[in-house]
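The following exercises concern backbone conformation, helix packing and sheet topology. Please work through each task before reading its solution.

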Amino acid sequence: MATFLYKLGRFAFRRRGFVALMWVALLTLAGVGAATAPAPGTTSFSIPGVEAQKAFDLLEQRFPGASADGGTGRIVFKAPEGQKMTDAANRATVDRTVKSLSGGSEVVSVADPFTTHAVSKDATVAYTSVRYDAPGMELTDATRHALEKAADDARAAGLTVDVGGDALQAGAEPGAAGEVIGLAIAAVVLVVTLGSLVAAGLPLLTAIIGVGIGVSAITALAKALDLGDTTSTLALMIGLAVGIDYALFIVSRYRSELAEGRDREEAVGRATGTAGSAVVFAGLTVVIALAGLSVVNVPMLTKMGLAAAGTVVVAVLIALTMIPALLGFAGRRIRPTGEKRRPRGARGGKAGASTAAEPSASRPARPGPARPGPGVRWASFVIRRPAAVLLLGVLGLGAIAVPATQLELGLPDDGSQPASTTQRRAYDLLSEGFGPGFNGPLMIVVDARQSDDPQAAAASVTDGIKDLKDVVTVTPAAFNKAGDTATITVIPDSKPSSAQTEDLVHAIRGQGAGIRSETGAQVLVTGTTAMNIDFSQKLNDALVPYLGLVVGLAFLLLIVVFRSILVPLKAALGFLLSVLAALGAVVAVFQWGWLGGLIGVEETGPIMSMMPIFMVGVVFGLAMDYEVFLVTRMREAYVHGESPAQAVVTGFRHSAKVVAAAAVIMMAVFGGFISSSESMIKMIGFGLAIAVFFDAFIVRMAIVPAVLALLGRKAWWLPRWLDRALPNVDVEGEGLKAHGDGDGAKDADPDDDRELVRA
């Protein structure tokens, strides 16, 4: 591996014009494809195998044209103080609103509140429901504008009017200002770490190119592959973070190789062979974690994971080829580690020129013993007191993880929106006028095709539900034209995201078994609330198999990388600790409200159902990045003859600063999403940023060296039979000893290019 990447790096350095042109051409091709691609159509959201989805599919068959999964909008009216909605003037305003919405291009039906009994008992609140033939996330801007205009016109007539439902939900977008700030922080960190604007610009440039190719390809294929907006958002988030980090590690290793006195082409080759090997395996762990989302068997998650994994692959390839090419163009503008800028007037070579053997004056002077850096001092402290550091780190993260034991899962609804939004105000008005359960009605589907008396079967279902606890209203059964399928609407007494509503769904389904045995009719519960409950349960059921698959595959991969049993085991356990701590922090902030005001959390509630499995996938991949980059340098020092304790210090000397910078950059990128007004994006941004902090600075920087110090040589133990069976990927670059240290004859050898092609 190291030898192949060494040759690849030197090839890209020599043929830098061709390599750069190739990537620019790919970016252009992807951009043209995105610009000329047909507009994406309606993105289907389905959860195969769950009862709510089966009911939706049945409704599509038995009630054609009803658009069971279509979007809904609710315009909620409240009369002025001292008036009622039934007053003539207010009623006329509502009638005009209903007429203005009828006949829209995507409108299926508009309900008149005075004929559908959608007026509160005290007649102060009323609402009209609008049904659409497309899901709420996919409605056109014109449709949303018509809904908002109708509300504005009614508001101008003197009523309090707000709009709820999923019709106003557009694709989730991160806060643009937050992303700009995140990139600005990343740029500052890169300048401080790499010592120059040119060196700092390379990771940013390549990351932007990689993300541009990935997101443009997703946009170009959106219609053909039925990809939603969230797919691009995840690819942008992950691709930008790993793209910067992977390039940073190679550029940093390149500067270290220059500091050893090697010429630039040799330094590029060795940086690509060593740090590039770590990039490959770190990228593989991220790809495994993201692609593994397909085991959940939710098409939306599968597509998101595979698209983001593809963006990571592009980031790895760019780091291995375009970074060496750009380093060739940069020439002496990127200085060795520790070298200060030469005084003005000092002679410098031609920018971008490759020299076989640079003059000794261009090489950094080798100073006397320097004061150890922060990474070395910290590593020395840890190996002197490993037990105390390990205990403190584990107990600290364990304490932060405690709130995760109270984790409540659900999907965000209008009740979780900020109080300033019209969706939240409409939600509150409906709760005030009709009760909290009115915001989450349940739809009961009675499939009576196998029943001798469908009417009696539906009546039996209705009577049974009325006797259940936490039920406010049960509407009469409405049959289809064939008379073999009926729908019943149930209004719970509690809000959609409450445990009581979930219990009611399970109770209705429990009754369904008895109804089927008595009448032959099948009872299914669906609706947005039931779908959310089923979705959460499906994700919970998939979490353990997913965790086993991802951790198991990555464990095997890390055994190959580190040629050790205990080091990969320690890496996996440390990851679990950091994820649990991050989930605990998410629960404390978003569910309990602790310090929520600092990041703009206006409403607490259940944690998004996707959060645990999403964090496991993304954070595991990123955590293994830091493990690979930090520990491979320790492994490299140990293989080259250093003692286990000294290898830990050496690893920190070369990698701690870069790993810390990479973590800060990733936190800045994820933190930019916290500024989003969407609670889901805000939660994801916070969860990923805090998880990176815990994993990079507590697990990898404290717990990992402490464990390695306690284990000593046992940390690198591997059974002989397994050692013989495993392929030798040579991440530490042992095979590069066969190549010279940069002598001119070696650099001038043209056979390297032919060897690369044959490899």
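**Exercise 1: Positive phi outside glycine**

Aspartate 470 is placed in the loop between helix H14 (454-466) and strand E7 (471-474); helices (H or I, at least four residues) and strands (E, at least two) are DSSP runs, numbered from the N terminus. The model is a predicted one, in which local features need pLDDT of at least 70 and side-chain atom pairs count only at pLDDT 80 or more, while totals for chains, interfaces and linings use all residues. Residues are numbered from 1 along each chain as its sequence is written, and side-chain values use heavy atoms, with hydrogens and water left out.

Task: Determine whether aspartate 470 is buried or exposed, and do likewise for leucine 595.

Solution.
- Step 1. Aspartate 470, a residue other than glycine, has a positive phi near 75 degrees.
- Step 2. Its relative accessibility is 17%, so aspartate 470 counts as buried (buried means under 20% relative accessible area, exposed over 50%, partly exposed in between, with a 1.4 Å probe and protein chains only).
- Step 3. Leucine 595, in the loop between H17 and strand E11 (607-608), also is not a glycine and has a positive phi of about 55 degrees.
- Step 4. With a relative accessible area of 65%, leucine 595 is exposed.

**Exercise 2: A helix pair**

Task: Classify the packing of helix H12 (residues 386-401) and helix H17 (residues 566-591).

Solution.
- Step 1. The axes of H12 and H17 are 7 Å apart and meet at an angle of about 40 degrees; axes are lines fitted to C-alpha atoms, for helices over the stretch in contact, and angles run from 0 to 180 degrees between N-to-C directions.
- Step 2. The two helices are therefore oblique to each other (under 35 degrees is roughly parallel, over 145 roughly antiparallel, 65 to 115 roughly perpendicular, and the rest oblique).
- Step 3. Contact (heavy atoms within 4.5 Å) involves residues including Val394 and Leu397 of H12 and Leu577 and Leu580 of H17.

**Exercise 3: The open sheet**

Task: State in which order the four strands are arranged, and which of them stand at the edges.

Solution.
- Step 1. The open sheet has the order E2-E3-E1-E4, with antiparallel pairing (two strands pair if DSSP finds at least two bridges between them).
- Step 2. E2 (107-110) and E4 (160-165) are at the edges; each has a single partner strand, so one side of each lacks a neighbour in the sheet.
- Step 3. From one strand to the next, the twist averages 20 degrees.
- Step 4. Strand E1 (residues 72-78) and E4 are joined by six bridges, and glycine 73 stands opposite glycine 165 in E4.
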